[in-house]
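Trainee: Could we walk through this one together? I'd like to see how the pieces fit.

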Amino acid sequence: MNLTNAEIAGATSCIVTGDPGRVERIARSEAFVNPHFLVESREFCSWLAYAEGKPVLITSTGIGGPSLAIAVEELAMLGVKTFLRVGTCGAIQPNIHVSDLVITTGGVRLEGTSSHYAPLEYPAVAHHEVLLALITSAKALNKVHHVGVTCSSDTFYPGQERYDTYSKYVPRRFQGSTEEWRQLHVLNYEMEASTLLTLCSVFGLRGGCVCGTVVNRTRSEQINTELVSTAEGNAIQVATHALASLCLYFSFR
Ligand code: URA
């Protein structure tokens, strides 16, 4: 990632997001002051800002588990202890609307990266204080939010049972999987939460995740690009508010 100890100024908290293009927007959010660009290399773009007088990193991880794991490894080695993911997701429960937030309690590990760190029996769970901060912030900011289990898939298409693809074919393993996850009260699909939460638990660090809903798969397969920015904005507001409150109240190292 090409980040040094000097550049991160002792930051022990990091907001991670998939899209490098979203990093500056997060760094410039109302909850933070003095945002400035640090470095960009491949999918990893990093900015530094301050919340409640404490340095906070904002870093992109690219799409999926493998590149996210590189970021978490290297940031942990630089001393980062708290990782809060801000992303977008597809809802699979009918009561979750586009631009609503989903706060993840735990992840279905429908990806390969986390199995390089812990056997599949190991749970991908959010850190309790980060989870509490996210829920409290969503309430304080009056954002519609849903709290529960997220399915993190290695693929956007077959693993999330999308048929609007080149082949139109979904392997048998995934046919009917969305209905099964729905019956099991899984709230949403995205691609990174379970890797992040597994790695954080394995390393004894703190992880959490909030996503803005950009599509409801029970109603449509079309992602409305105009609403993506609203969904992202809601997730960014809650995540940055939560991180600032963690800096303030929990005296996070
Ligand atoms: N990200 C995903 O992984 N899936 C969606 O449906 C939307 C965003």
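**Salt bridges, helices and a patch**

Mentor: Let's start with a pair of residues: Glu 192 is buried, and Arg 85 is buried as well (buried is under 20% relative accessible area, exposed over 50%, partly exposed in between, with a 1.4 Å probe and protein chains only). Keep in mind that this is a predicted model, where local features need pLDDT of at least 70 and side-chain atom pairs count only at pLDDT 80 or more, while totals for chains, interfaces and linings use all residues. Residues are numbered from 1 along each chain as its sequence is written, and side-chain values use heavy atoms, with hydrogens and water left out.

Trainee: How far apart are the closest N and O atoms of Glu 192 and Arg 85?

Mentor: These two form a salt bridge, meaning a side-chain nitrogen of Lys or Arg within 4 Å of a carboxyl oxygen of Asp or Glu. The closest N and O atoms are separated by 2.9 Å.

Trainee: And how many residues apart are they in the chain?

Mentor: The pair links distant parts of the chain. Glu 192 is in the loop between β9 (186–190) and α6, and Arg 85 is in strand β5 (residues 82–91); helices (H or I, at least four residues) and strands (E, at least two) are DSSP runs, numbered from the N terminus. The separation is 107 residues.

Trainee: Which parts does the salt bridge between Arg 22 and Glu 232 tie together?

Mentor: Arg 22 and Glu 232 have their closest N and O atoms 3.1 Å apart. The partners are 210 residues apart in sequence, so the bridge ties together the loop between β1 (13–17) and α2 (23–27) and helix α7 (residues 225–249).

Trainee: Is Arg 22 buried or exposed?

Mentor: Go by its relative accessibility, which is 8%. That makes Arg 22 buried.

Trainee: What separates Arg 182 from Glu 179 in helix α5?

Mentor: Their salt bridge has its closest N and O atoms 2.4 Å apart. An α-helix has 3.6 residues a turn, so residues three or four places apart point the same way. Arg 182 and Glu 179 are three residues apart in α5, so what separates them is about one helical turn.

Trainee: At what angle do α3 and α6 pack?

Mentor: Helix α3 (residues 65–77) meets helix α6 (residues 193–203) through Gly 65, Leu 68, Ala 69, Val 72 and Glu 73 on one side and Thr 195, Leu 196, Leu 199 and Phe 203 on the other. The axes are 10 Å apart; they are lines fitted to C-alpha atoms, for helices over the stretch in contact, and angles run from 0 to 180 degrees between N-to-C directions. The packing angle is about 30°.

Trainee: Why is α6 described as largely enclosed?

Mentor: Ala 193, Ser 194 and Thr 195 are among its buried residues. It is largely enclosed by the rest of the structure because the buried residues number eight of the eleven.

Trainee: Which residue of α6 is in contact with Gly 106?

Mentor: Gly 106 lies in strand β6 (residues 101–110). Leaving aside neighbours within four places in sequence, its contacts (heavy atoms within 4.5 Å) include Ala 124, Val 125 and Gly 148. From α6, there is Leu 197.

Trainee: How is Tyr 157 classed by accessibility?

Mentor: Tyr 157 is in the loop between β8 (145–153) and α5 (177–183). Its relative accessibility is 41%, so the class is partly exposed.
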